[in-house]
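Colleague: Before I rely on the names given to parts of this fold, I would like to hear the reasoning behind them. Could we go through the pockets, the sheets and the helix packing in turn?

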Amino acid sequence: MSKERLYLFDTTLRDGAQTTGVDFSLEDKRRLMRVLDDLGIDYIEGGFPGANATDTKLFSSRPDLKSARFTAFGMTKRAGRSVSNDPGLQGVLQSTADSICLVAKSSDYQVRVALGITNEENLEAIEQSVRAVVETQREAMIDCEHFFDGYKSNRDYAIAVAKTAFDAGARWIVLCDTNGGTLPHEIERIVADVATHVPGSNLGIHTHNDTENAVANTLMAVRAGCRQIQGTLNGLGERCGNANLTSIIPTLLLKSEFADAFETGVTPEKLRILTHASRVLDEVLNEAPNRHAPYVGESAFATKAGIHASALMKAPETYEHVPPESVGNERRILVSKQGGRSSLTSALERLGLPSDKDDARVQALLDEVKAREDQGYSYEAAEASFELLARRALASVPRYFSVDNFRVTVERREERSRAHNGNGTVSHAVVTVSIAGDDAPIVSVGEGNGPVNALDKALRSDLGRYQKHIEHVELVDYKVRILTQTHKGGTDAITRVLVESHDSQTGERWTTVGVSPNIIDASFEALLDSINYKLLKDNAQGG
């Protein structure tokens with residue numbers, strides 16, 4: 001039995017760029033387009049040529065895409081102007097795009113209030129704009145903005161907008177839940193009705209996530225007849241985001257209701273790079289990946305409960321709805337005091353370490369993990385520190401260097417305060433390090449906007465022959481948690497510090513932990529683990 005084709009339309013570079021704090025450079029867009037093309041996306045919407053310098057440059061030449069259609073976004077012509085006399089539309093028509101997607105109002109309220117024109121003028125603009133695209137022998141699409149809200153207030157006009165675009169030659173009529181307030185049962189009912197006027201093979205769906213239903217709404221639209229799916233990688237988008245293709249794509253391929261009926265340009269083989277694609281976007285945005293993201297998050301296939309870990313090792317499907325490797329992710333059995341030897345041995349196997357549950361060293365390591373977690377350590381969130389602990393217990397970790405002493409001072413300078421809008425505090429750190437095998441210690445100095453920043457700079461400034469291994473390492477996240485309080489108040493409490501480090505050259509991230517009544521000491525412990533872990537992974541030679 002043949003399957004119907006679903007077409008995937010990515011708008012990360014256009015609608016996703018509306019996310020607060022996101023600003024893609026030209027090279028960012030080109031890099032992400034290559035990733036999306038490799039994944040098997042059918043349409044990649046690069047932006048709005050003519051709207052800004054980056055998008056205009058992007059559309060000045062066609063990128064070398066293997067299969068994806070390079071798509072430009074634009075607006076239908078303005079009322080009262082001809083197609084040839086509308087600069088915005090002409091900019092899109094003159095671009096190198098393979099396909100052109102124009103946005104049009106499909107709500108009579110929006111036509112009246114936002115555009116200030118008549119319903120008939122709006123329909124005329126849609127018809128003429130679509131015909132102008134078709135005349136260039138390129139694929140035309142219409143994003144019917146505010147379609148579902150418009151349908152609810154004036155069904156006949158919303159459908160008239162869709163039919164006008166279709167009759168003018170648009171390949172795709174995309175129904176947009178622009179404000180993100182429509183619910184799944186409404187989406188299914190409305191799409192099914194529209195499909196009696198415009199063929200489902202020409203209908204698309206574009207949803208926003210303001211009620212946390214964008215993915216569900218998209219899937220319901222497919223059930224009701226839509227055959228193009230618009231969304232963004234990692235659910236990027238204005239306000240609460242767009243439909244998350246990172247969740248939608250594996251659902252289409254791995255859940256039988258959709259997998260048995262449909263096929264996409266993303267094959268099972270290409271699906272295995274999904275997690276990588278998600279992480280590339282995070283790297284471009286300089287953001288930590290969402291650990292709890294479905295399918296691609298670090299926690300998507302993670303468990304720390306001993307009974308669950310034991311069952312997972314016997315039969316993974318007991319606690320996994322799909323195999324993690326199908327989306328390029330991996331199973332993670334977390335080490336914690338809630339787990340038992342099954343959790344620990346599974347974690348050790350993943351590290352390539354001896355994993356016999358009856359090994360006395362394994363039991364001793366488990367006892368140490370539990371004892372240290374009672375002191376405040378948390379290894380489920382700091383796997384790099386756990387690997388160091390485990391290798392020191394069961395194998396060997398070279399001695400790279402030792403810290404003889406360190407000193408941190410914090411000084412407030414009034415002249416600095418006046419020059420930096422009240423920020424007059426500066427921290428200095430001095431660290432004395434002995435490199436294994438070297439005679440003379442190294443004394444390094446660092447200055448920062450806080451004591452931890454200063455310590456980090458001092459420690460990383462000179463590690464002798466190991467410096468080449470850490471020159472691209474940077475601290476990207478720093479979390480502090482107060483674990484206990486005494487009757488004296490809270491300032492002498494036990495402090496846990498989690499440090500996330502990033503290698504800008506390889507893209508690798510890792511997290512380490514430190515615990516101490518002194519926040520500086522806890523921070524320094526986590527920093528030391530971070531550097532030792534990097535040297536270990538690089539197979540650096542010890543002294």
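Colleague: What makes α13 stand out in the lining of the largest pocket?

Modeller: In this predicted model, α13 contributes five residues to that lining, the most that any element gives. The elements that each supply at least two residues there are α13 (274–285), β12 (332–333), α15 (341–351), α17 (383–394), β17 (495–503), β18 (509–516) and α21.

Colleague: How do you know which residues line the largest pocket, and which of them lie nearest its centre?

Modeller: A residue belongs to the lining if it has an atom within 4 Å of a pocket point, and 39 residues line the largest pocket. Arg279, Glu298, Glu330, Glu508 and Arg509 lie nearest its centre, and the space in this pocket comes to about 1000 Å³.

Colleague: How many residues of that lining are counted as charged, and what is counted as such?

Modeller: Asp, Glu, Lys and Arg count as charged, and by that rule the lining has 17 charged residues, beside 15 nonpolar and seven polar ones.

Colleague: What makes up the lining of the second largest pocket?

Modeller: The second largest pocket has a volume of about 590 Å³, and 31 residues line it, with Asn234, Gly235, Asn244, Asn290 and Pro294 closest to its centre. Gly counts as polar, and by class this lining holds 14 polar, 13 nonpolar and four charged residues. Here too α13 provides the largest share, with five residues, while α9 (214–224), α10 (245–254) and α13 each supply at least two.

Colleague: Why are β13 and β15 called edge strands?

Modeller: The sheet is open, with three strands in the order β13-β14-β15 and antiparallel pairing. Both β13 (401–412) and β15 (442–448) have a single partner strand, so one side of each is left without a neighbour in the sheet, and they therefore stand at the edges. From one strand to the next, the twist averages 15°.

Colleague: How do you know that β14 and β15 are paired?

Modeller: Two strands pair if there are at least two bridges between them; seven bridges join β14 (residues 425–435) to β15, so the requirement is met, and the two run antiparallel. Within this pair, Ala429 stands opposite Gly446 of β15.

Colleague: Which helices lie on this sheet, and how do they cross one another?

Modeller: Helix α19 (residues 451–461) lies across β13, β14 and β15, at about 145° to β15, and helix α21 (residues 519–537) packs on the sheet by touching β13 and β14, its direction making about 135° with that of β13. The axes of α19 and α21 come within 10 Å and cross at roughly 35°, and the crossing is right-handed. Among the residues that make the contact are Leu455 and Leu459 of α19 and Phe524 and Leu527 of α21; by class, this contact has nine nonpolar, two polar and two charged residues.

Colleague: What makes the other set of strands a barrel, and how do you know that β7 and β8 pair within it?

Modeller: Eight strands close on themselves in the order β2-β3-β4-β5-β6-β7-β8-β9, with parallel pairing, and the twist from one strand to the next averages 25°. Since at least two bridges are needed, the five between β7 (residues 172–177) and β8 (residues 203–207) qualify them as a parallel pair, in which Ile173 has Leu203 as its bridge partner. Across β7, β8 and β9 (228–231) lies α9, running at about 170° to β8.

How values were computed:
Residues are numbered from 1 along each chain as its sequence is written. This is a predicted model: local features need pLDDT of at least 70, side-chain atom pairs count only at pLDDT 80 or more; totals for chains, interfaces and linings use all residues. Side-chain values use heavy atoms; hydrogens and water are left out. Helices (H or I, at least four residues) and strands (E, at least two) are DSSP runs, numbered from the N terminus. Axes are lines fitted to C-alpha atoms, for helices over the stretch in contact, and angles run from 0 to 180 degrees between N-to-C directions. Contact means heavy atoms within 4.5 Å. On a 1 Å grid over the protein atoms alone, a cavity is a set of points where a 1.4 Å probe fits but cannot get out, and a pocket is an open set with protein on both sides within 12 Å along at least five of seven lines; lining residues have an atom within 4 Å of a point. Grid points are joined across faces, edges and corners, and a volume is the space filled by probe spheres set on the points. A crossing is left-handed if the near helix is turned anticlockwise from the far one by less than a right angle, and right-handed if clockwise.
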